Amino acid sequence: MPQITGKAIIKVDGNQWRTTDGCKLHPGGVEREAKVGGGKVHGYNEKTKAPELEASVYHTKDTDLTAINAIKDATVIFESDTGDRYVLRAAFVTSQEALDSENGTIGVKMSAEACERL
């Protein structure tokens, strides 16, 4: 019986982040939209979708919030507990949430020029 992904390890430029379970990776590629009219679907158009990574990072005394927000041109590895691995090349932070002192976490969203399966 195959194992199903349940957690992931995130490494940014070789440094493993302390993340909660529930990280999300969208490899990007093509997004399609149906074109309709007159009660029919006439076709679709395509748009390029950038890769996206979303993670919740635990905050410790070693966590530099300003350094995380400044990340650009990074190499990011997303490795699931099934052993499946993806690399995001030229990755950059697109947004960073406020530090949640109740849970000790910050939400981080990243994008990249490319996402490839290793």
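1. At 51% relative accessibility, Asp13 counts as exposed, because the cut-off for that class is over 50%. The structure under review is a predicted model. In this model Asp13 lies in the loop between β1 and β2. Phi of Asp13 is positive, near 50 degrees, and the residue is not glycine. As a general matter, most residues other than glycine have a negative phi. The hairpin of β1 and β2 has two residues between the strands.

2. A second positive phi deserves attention: that of Asp73, near 55 degrees, again in a residue other than glycine. Asp73 is placed in the loop between α1 (65-69) and β7. With a relative accessible area of 63%, Asp73 is exposed.

3. Strand β1 (residues 8-12) presents two faces: Ala8, Ile10 and Val12 are on the covered one, while Ile9 and Lys11 are on the uncovered one. Such a pattern agrees with a general rule, that side chains in a regular strand alternate between the two faces of the sheet.

4. Which strands pair with β1? One partner is strand β7 (residues 74-80), which runs antiparallel to β1 and is joined to it by five bridges. Within that pairing, Phe78 of β7 stands opposite Ile10. Strand β2 (residues 15-16) also pairs with β1 in the antiparallel sense, over two bridges. Here Val12 has Asn15 of β2 opposite it.

5. Asn15, a residue of strand β2, is exposed, with a relative accessible area of 51%. From Asn15 to Arg117 the separation is 102 residues in sequence and 19 Å in space, taken C-alpha to C-alpha.

6. The largest nonpolar core contains 21 residues, and Ile10, Trp17, Val76, Val108 and Met110 have the most contacts inside it. Two or more residues of this core come from each of β1, β6 (52-58), β7, β8 (85-96) and β9 (105-111). In soluble globular proteins generally, nonpolar side chains tend to be buried together. Ile10 thus appears both on the covered face of β1 and among the core residues with the most contacts.

7. How enclosed is β9? Six of its seven residues are buried, so β9 is largely enclosed by the rest of the structure. Strand β6 is joined to β9 by seven bridges, the two running antiparallel. Strand β8 also pairs with β9 in the antiparallel sense, over four bridges. Met110 of β9 figures in both pairings: Leu53 stands opposite Met110, and so does Val93.

8. What does Met110 touch beyond its neighbours within four places in sequence? The contacts are Trp17, Pro51, Glu52, Leu53, Ile71, Val76, Ala91, Phe92, Val93 and Thr94. Among these contacts, Trp17 and Val76 are also listed with Met110 as having the most contacts inside the core.

9. On the cysteines, a search of the whole structure finds zero disulfides. Cys23 is in no disulfide, and the nearest cysteine sulfur, in Cys115, is 14 Å away. Why is the sulfur of Cys115 not bonded to that of Cys23? At 14 Å the closest cysteine sulfur is too far for a bond, because a disulfide requires sulfur atoms within 2.5 Å. Cys23 is buried, with a relative accessible area of 16%. Cys115 likewise counts as buried, at 17% relative accessibility.

Technical notes
Residues numbered from 1 in each chain as written. Predicted model: local features only at pLDDT ≥ 70, side-chain atom pairs only at ≥ 80, totals over all residues. Heavy atoms only, no water. Buried < 20%, exposed > 50% of the residue type's maximum accessible area, 1.4 Å probe, protein only. Pairing = 2+ DSSP bridges. Core = buried A, V, L, I, M, F, W, Y, C linked by side-chain atoms within 4.5 Å. Contact = heavy atoms within 4.5 Å.
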